[in-house]
Amino acid sequence: IKEWRDRFGAFPKAVENVVTLAQIKLAAAIQEISRVETREDKLVLTRRGDFILVGGKFPRLFAPEIEKRLQEILGLLGKL
């Protein structure tokens, strides 16, 4: 990605979102998470047909903007 930025400059927000989404998919696949979705302000993760809960609850999302929300999801996946 760094090489792309060096060559083409800053990415538009839509491209940044697609790159972050690909990172989320990769992080989920590494952890064998088959489904990543949001329901209102909750992150719903599924592994082998079971929900992944943190402290008995779905992780909560706080960021209102999509760009920040995607980064928040990526960060939460990194903590599992």
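Visitor: Let me start with one residue: is I30 buried or exposed?

Guide: I30 is exposed, because its relative accessible area is 63% and anything over 50% counts as exposed. Please keep in mind that this is a predicted model, and that the values we discuss are computed from it. I30 sits in helix 2.

Visitor: Which residue is I30 compared with for a C-alpha separation, and how far along the chain is that partner?

Guide: The partner is Q71, 41 residues away along the chain, and the two C-alpha atoms are separated by 17 Å.

Visitor: Let us step back. How many helices and strands does the protein have, and in what order do they run?

Guide: There are three helices and three strands. Reading from the N terminus, the order is α-α-β-β-β-α. The C-alpha trace spans about 45 × 25 × 15 Å along its principal axes.

Visitor: What should helix 2 span, and what does the model give?

Guide: The idea is to take a rise of 1.5 Å a residue and compare the expected span with the distance between the end C-alpha atoms. Helix 2 covers residues 13-30, 18 residues in all, so it should span 26 Å. Its end C-alpha atoms are 26 Å apart, which agrees.

Visitor: Which residues of helix 2 are buried, and what do they pack against?

Guide: Burial is read residue by residue, with under 20% relative accessible area as the cut-off. In helix 2 the buried residues are N17, V19, T20, I24, A27 and A28. They pack against strand 1 (35-39) and helix 3 (66-79).

Visitor: What happens to the backbone just after helix 2?

Guide: There, E32 takes a positive phi of about 60°. Another positive phi, near 55°, belongs to E40, in the hairpin of strand 1 and strand 2. That hairpin has two residues between its strands.

Visitor: How do strand 1 and strand 2 run, and how many bridges join them?

Guide: The two strands run antiparallel, and five bridges join strand 1 to strand 2 (residues 42-47). One pairing to look up is T38, whose bridge partner in strand 2 is L43. As a general guide, side chains in a regular strand alternate between the two faces of the sheet.

Visitor: Is L43 buried or exposed?

Guide: L43 is buried, because its relative accessible area is 0%. Leaving out residues up to four places away in sequence, L43 touches V36, E37, T38, F58, P59, L61, I73 and L76. By contrast, take the pair L43 and F8: they are 35 residues apart along the chain, and their C-alpha atoms are separated by 33 Å.

Visitor: Where is there a nonpolar patch on the surface?

Guide: I1, W4 and F8 form one, with about 360 Å² of accessible area together. W4 has its place in helix 1 (residues 2-8).

Visitor: How many salt bridges does a search of the whole structure find?

Guide: It finds five. The general idea is to look for a side-chain nitrogen of Lys or Arg within 4 Å of a carboxyl oxygen of Asp or Glu. R48 and E32 form one such pair, with their closest N and O atoms 2.6 Å apart. This pair links distant parts of the chain, 16 residues apart: R48 is in the loop between strand 2 and strand 3 (50-52), and E32 is in the loop between helix 2 and strand 1. R48 is exposed, at 64% relative accessible area, whereas E32 counts as partly exposed at 48%.

Visitor: Which residues are linked in a network of salt bridges?

Guide: R35, E37 and R39 are linked that way. Within it, the side chains of R35 and E37 meet at 2.9 Å, N to O. E37 is partly exposed, since its relative accessible area is 21%.

Visitor: How far apart are the closest N and O atoms of K68 and E65?

Guide: They are 3.9 Å apart, and the pair forms a salt bridge. K68 is exposed at 54% relative accessible area, while E65 is partly exposed at 36%.

Visitor: What share of the protein is buried, and how much area does it expose?

Guide: Buried residues make up 28% of its 80 residues. The protein exposes about 5,900 Å², and carbon and sulfur atoms supply 57% of that area. As for contacts between residues at least 6 apart in sequence, 36% join residues at least 24 apart.

Methods. Residues are numbered from 1 along each chain as its sequence is written. This is a predicted model: local features need pLDDT of at least 70, side-chain atom pairs count only at pLDDT 80 or more; totals for chains, interfaces and linings use all residues. Side-chain values use heavy atoms; hydrogens and water are left out. Helices (H or I, at least four residues) and strands (E, at least two) are DSSP runs, numbered from the N terminus. The expected span of a helix is 1.5 Å times one less than its number of residues. Buried means under 20% relative accessible area, exposed over 50%, partly exposed in between (1.4 Å probe, protein chains only). Contact means heavy atoms within 4.5 Å. Patches are made of residues with over 30% relative accessible area and no salt bridge: like charges are joined within 9 Å, nonpolar side chains (Val, Leu, Ile, Met, Phe, Trp, Tyr) within 5 Å. Accessible areas come from the Shrake-Rupley method with a 1.4 Å probe; for residues, only the protein chains shown count as cover. Two strands pair if DSSP finds at least two bridges between them.
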